[in-house]
Amino acid sequence: MGADLVWRKDRWVADPSASKDPDIRKGTDFDRLARNVCKVLLTRGLQGSVIHSVDSETQQMLAGLGLPLLSEPSGA
């Protein structure tokens with residue numbers, strides 16, 4: 001997840017200036033479009049998904065959800 005959709009205190013905050021997608025940035029409802037992009041990407045994994053955020057506060061919120069962490073590959 002990029003800096004265009006981050007977790008702040010108790011809610012998601014969308015920031016069009018942080019988006020790398022010019023078509024979405026130009027949209028009239030950036031918040032809805034950014035959330036939809038994340039929803040689509042997070043629901044496509046057939047055998048699971050890895051979620052990473054570039055934002056530290058969002059990382060802390062995701063870590064608090066109790067999701068399993070990736071383990072180091074054997075032989076690493």
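Colleague: Before we start, what counts as a salt bridge here?
Modeller: Keep in mind that this is a predicted model. We look for a side-chain nitrogen of Lys or Arg and a carboxyl oxygen of Asp or Glu, and the cut-off for the pair is within 4 Å.

Colleague: OK, which residue forms a salt bridge with R8, the closest N and O atoms being 2.9 Å apart?
Modeller: R8 lies in strand β1, and its partner sits in the loop between α2 and α3, so the pair ties together parts that are 47 residues apart in sequence. R8 is partly exposed, at 30% relative accessible area, while the partner is buried at 13%. That partner is D55.

Colleague: Which residues do salt bridges that share partners join into one network?
Modeller: R8 also meets E57 in a salt bridge, 3.5 Å from N to O. That second pair links strand β1 to helix α3, 49 residues apart. With D55 already paired to R8, the network is R8, D55 and E57.

Colleague: Switching to helix α2, how far apart are its end C-alpha atoms?
Modeller: Helix α2 has 13 residues, 30–42, and we allow 1.5 Å a residue. The expected span agrees with the model, where the ends are 18 Å apart.

Colleague: And where do the buried residues of α2 pack?
Modeller: The buried ones are F30, A34 and C38. Seen down the axis, they fall within an arc of 65 degrees, so they line one face of the helix. R32 and K39 are exposed on the other side. The buried residues pack against β1, β2 and α1.

Key
Residues are numbered from 1 along each chain as its sequence is written. This is a predicted model: local features need pLDDT of at least 70, side-chain atom pairs count only at pLDDT 80 or more; totals for chains, interfaces and linings use all residues. Side-chain values use heavy atoms; hydrogens and water are left out. Helices (H or I, at least four residues) and strands (E, at least two) are DSSP runs, numbered from the N terminus. The expected span of a helix is 1.5 Å times one less than its number of residues. Buried means under 20% relative accessible area, exposed over 50%, partly exposed in between (1.4 Å probe, protein chains only). The arc is that of the directions from the helix axis to the C-beta atoms. Contact means heavy atoms within 4.5 Å.
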